[in-house]
Amino acid sequence: RFLLPRLARLCEVFLSDFILRTSTVLPLLASITAPRRQSLVNLEAACWDYLENHWKEVVQNGSSLQELVEQKHPLVVELLQASRGIKKHVRRVEDDTPPTV
């Protein structure tokens, strides 16, 4: 009775600490969010943190993101809604031009 919850938590820690990579974060998040599993909320939070910190690389990889869009996965809507909070590295055109006096 005590062993299974501890084993589940150990697996969750392993996944969040060693498996989350740019190529794995979206498929993993997609698999645990549809349907939502209350027992995996910590892993889901770790995935969202990883996405926030590595969004540029995830977008550049693009294949996982494209697959989710093609599958019409509900996670796509969540990603679009959360994208306002995801850090984006965008260079403005004005930054490239020298200031004129």
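**View 1. R9 and E12 in helix α1 of the predicted model.** In this predicted model, R9 and E12 belong to helix α1, which covers residues 3-19, and because they are three residues apart they are separated by about one helical turn. An α-helix has 3.6 residues a turn, so residues three or four places apart point the same way. The side chains of R9 and E12 meet in a salt bridge, with a distance of 3.6 Å from N to O, and the count of salt bridges comes to one. The two partners can also be described by their exposure: R9 is partly exposed, with a relative accessible area of 40%, whereas E12 is buried, at 6% relative accessibility.

**View 2. Helix α2 and its surroundings.** Seven of the nine residues of α2 are buried, so this helix is largely enclosed by the rest of the structure. The buried residues are V25, L26, L28, L29, A30, I32 and T33, and what covers them includes α3, α4 and α5. P27, which is also found in helix α2, counts as partly exposed, at 42% relative accessibility. In sequence P27 and S64 are 37 residues apart, yet in space their C-alpha atoms are 6.7 Å apart.

**View 3. The crossing of α2 and α3.** The axes of these two helices, α2 and α3, come within 10 Å and cross at roughly 150°, and the crossing in which α2 passes α3 is left-handed. On the α2 side the residues that take part are V25, L26, L28, L29, I32 and T33, and on the α3 side they meet L43, E44, C47, W48, Y50, L51 and V58. Sorted by class, the contact of α2 with α3 has eleven nonpolar residues, one polar residue and one charged residue.

**View 4. The largest nonpolar core.** This core has 19 residues, and those with the most contacts inside it are V25, L51 and L79. The elements that give two or more residues to the core are α2 (25-33), α3 (41-61) and α5 (74-82), and the largest share, eight residues, comes from α3. For V25, leaving aside its neighbours within four places in sequence, the residues in contact are L20, C47, Y50, L51 and V58. Of these partners, C47, Y50, L51 and V58 are in α3 and take part in the meeting of α2 with α3.

**View 5. H73 in the loop between α4 and α5.** The loop that holds H73 lies between α4 (63-71) and α5. H73 is buried, because its relative accessible area of 13% falls under the 20% cut-off. When neighbours within four places in sequence are left aside, H73 is in contact with A30, T33, A34 and L68. Two of these partners, A30 and T33, are among the buried residues of α2.

**View 6. K72 in the loop between α4 and α5.** K72 is found in the loop between α4 and α5, which is also where H73 is found. Unlike H73, which is buried, K72 counts as exposed, at 73% relative accessibility. The phi of K72 is near 55°, a positive value in a residue other than glycine. Most residues other than glycine have a negative phi.

How values were computed. Residues are numbered from 1 along each chain as its sequence is written. This is a predicted model: local features need pLDDT of at least 70, side-chain atom pairs count only at pLDDT 80 or more; totals for chains, interfaces and linings use all residues. Side-chain values use heavy atoms; hydrogens and water are left out. A nonpolar core is a set of buried Ala, Val, Leu, Ile, Met, Phe, Trp, Tyr and Cys residues joined through side-chain atoms within 4.5 Å. Buried means under 20% relative accessible area, exposed over 50%, partly exposed in between (1.4 Å probe, protein chains only). Helices (H or I, at least four residues) and strands (E, at least two) are DSSP runs, numbered from the N terminus. Contact means heavy atoms within 4.5 Å. Axes are lines fitted to C-alpha atoms, for helices over the stretch in contact, and angles run from 0 to 180 degrees between N-to-C directions. A crossing is left-handed if the near helix is turned anticlockwise from the far one by less than a right angle, and right-handed if clockwise. Ala, Val, Leu, Ile, Met, Phe, Trp, Tyr, Cys and Pro count as nonpolar, Asp, Glu, Lys and Arg as charged, and the others, Gly among them, as polar. A salt bridge is a side-chain nitrogen of Lys or Arg within 4 Å of a carboxyl oxygen of Asp or Glu.
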